Amino acid sequence: SMQCFPSLVLALSSLLGALALLQLSLYLRVPSRYGKHEERLCRARGRLPARCAWFLQELPSFLVPALLLALRSPPRLEPLGCRLLCCLFCWHYFYRTFIYPFFTRGRPFPLQLLFFGTLFCIYNGFLQGYYLIYCAEYPNDWCTDIRFTSGLLLFLLGMGINIHSDLLLRQLRKPGEVTYKIPQGGLFTYVSGANYFGEIVEWFGFAIATWSLPAFAFAFFTLCCIGPRAYHHHRYYLKTFTDYPKSRKALIPFVF
Ligand code: NDX
């Protein structure tokens with residue numbers, strides 16, 4: 001049966017960190033090509049409706065850790081911290097897999113990116129789940145540790161911002177519409193990438209609550225993946241809408 005190999009966790013986390021840097025170098029200048037940054041020119045590429053694409057892509061991030069959690073024998077009951085943290089991760093991906101895709105009004109998603117996105121979600125789902133279920137060790141009172149409580153608070157705050165902002169974006173379109181408008185309300189009052197800001201806060205909260213290398217590597221990856229994308233969204237809006245609110249920042253309220 002499976003057991004913990006610390007060197008495997010170290011290797012997979014390091015690779016995740018390296019992927020983050022690769023991503024940063026790739027997407028700092030040009031955005032990843034989906035949504036508003038997809039060029040009409042590359043219409044040769046295949047696409048899948050946003051609904052199917054997001055469902056398929058995010059499913060492994062829910063399924064893999066949920067299965068690891070459910071199938072471990074003997075089941076890991078102690079300490080409570082491990083299961084709780086694994087459930088937080090699954091909870092986010094339950095939303096992203098089973099709720100978000102069914103309401104999205106996004107454009108069809110490029111197959112090529114779907115392929116890499118799915119691979120990524122398998123990889124990360126395995127790393128986070130495997131670490132928490134087989135390797136992590138917490139004192140029995142971890143649930144009252146300041147790292148756990150403050151991290152959990154950040155996680156919940158970030159998730160709230162992320163879900164609320166996803167909703168505001170969705171409401172900009174009627175069903176079947178694919179045009180872009182100026183996002184209004186919520187944290188969009190302050191930043192163009194409110195949904196991304198929420199997601200980044202969420203995963204740094206998760207990293208603090210788990211106090212683990214894999215989770216910090218994933219938070220860093222998220223920052224390198226959607227941080228630049230927020231910046232590109234911001235530039236797109238400034239270019240497209242002459243009446244775009246001047247005081248709005250790209251990602252971090254009042255700062256950047
Ligand atoms: N999926 C994370 N890298 C990604 C898919 C792409 O969950 O090869 C990472 C995630 C993947 C990426 C994933 C991993 C890295 C990949 C990348 C592709 C290339 C890259 C594989 C897995 C890669 C290497 C080289 C390292 C291997 O039509 P539309 O779609 O634009 O409509 C949009 C709409 N909207 C508007 N509607 C009206 N008016 C406006 N002004 C609008 N602006 C937007 O709202 C969408 O329907 C919707 C949201 O759009 P957008 O662009 O704001 O968000 P989006 O990027 O689609 O993300 C959606 C949510 C969001 O909450 C975000 O926080 C979360 O997913 N997310 C996204 C990406 C990654 C991630 C979270 C994470 O890292 N944690």
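A residue is counted here as near the ligand if one of its heavy atoms lies within 4 Å of it. In this predicted model, 37 residues surround the ligand, and the closest are Gln-23, Tyr-34, Tyr-180, Lys-181 and Tyr-196. By residue class, the shell around the ligand divides into 17 nonpolar, eleven polar and nine charged residues.

Seven helices, namely α1 (6-27), α2 (50-71), α3 (80-103), α4 (111-135), α5 (146-170), α6 (194-210) and α7 (213-240), each supply at least two residues of that shell, and α7, with seven residues, gives the most.

The table lists polar side-chain atoms that lie within 3.5 Å of a nitrogen or oxygen atom of the ligand.

| Residue | Ligand atom | Distance |
|---|---|---|
| Gln-23 | nitrogen | 2.8 Å |
| Asn-162 | oxygen | 3.0 Å |
| Gln-57 | nitrogen | 3.4 Å |

Taken alone, the ligand exposes 1300 Å², of which the protein buries 94%.

The sequence record can be set beside the model. An unreviewed UniProt entry lists residues 109-134, 146-165 and 203-226 under "transmembrane region". Over residues 109-134 the chain of the model is 92% helix and 8% strand, and the C-alpha atoms at the ends of this span are 35 Å apart. Residues 203-226 are 92% helix and 0% strand, while the C-alpha atoms at the ends of that span lie 12 Å apart. In the model, α6 covers residues 194-210 and α7 covers residues 213-240, whereas the record gives 203-226 as one of its listed spans.

Technical notes. Residues numbered from 1 in each chain as written. Predicted model: local features only at pLDDT ≥ 70, side-chain atom pairs only at ≥ 80, totals over all residues. Heavy atoms only, no water. Polar contact = N/O pair within 3.5 Å; in protein donor to acceptor, adjacent residues only side chain to side chain. Areas by Shrake-Rupley, 256 points an atom, 1.4 Å probe, with all protein chains shown as cover. Helix = DSSP H or I, 4+ residues; strand = E, 2+ residues; numbered from the N terminus. Nonpolar A, V, L, I, M, F, W, Y, C, P; charged D, E, K, R; others polar. UniProt positions renumbered as here; feature names shortened; annotations may be inferred.
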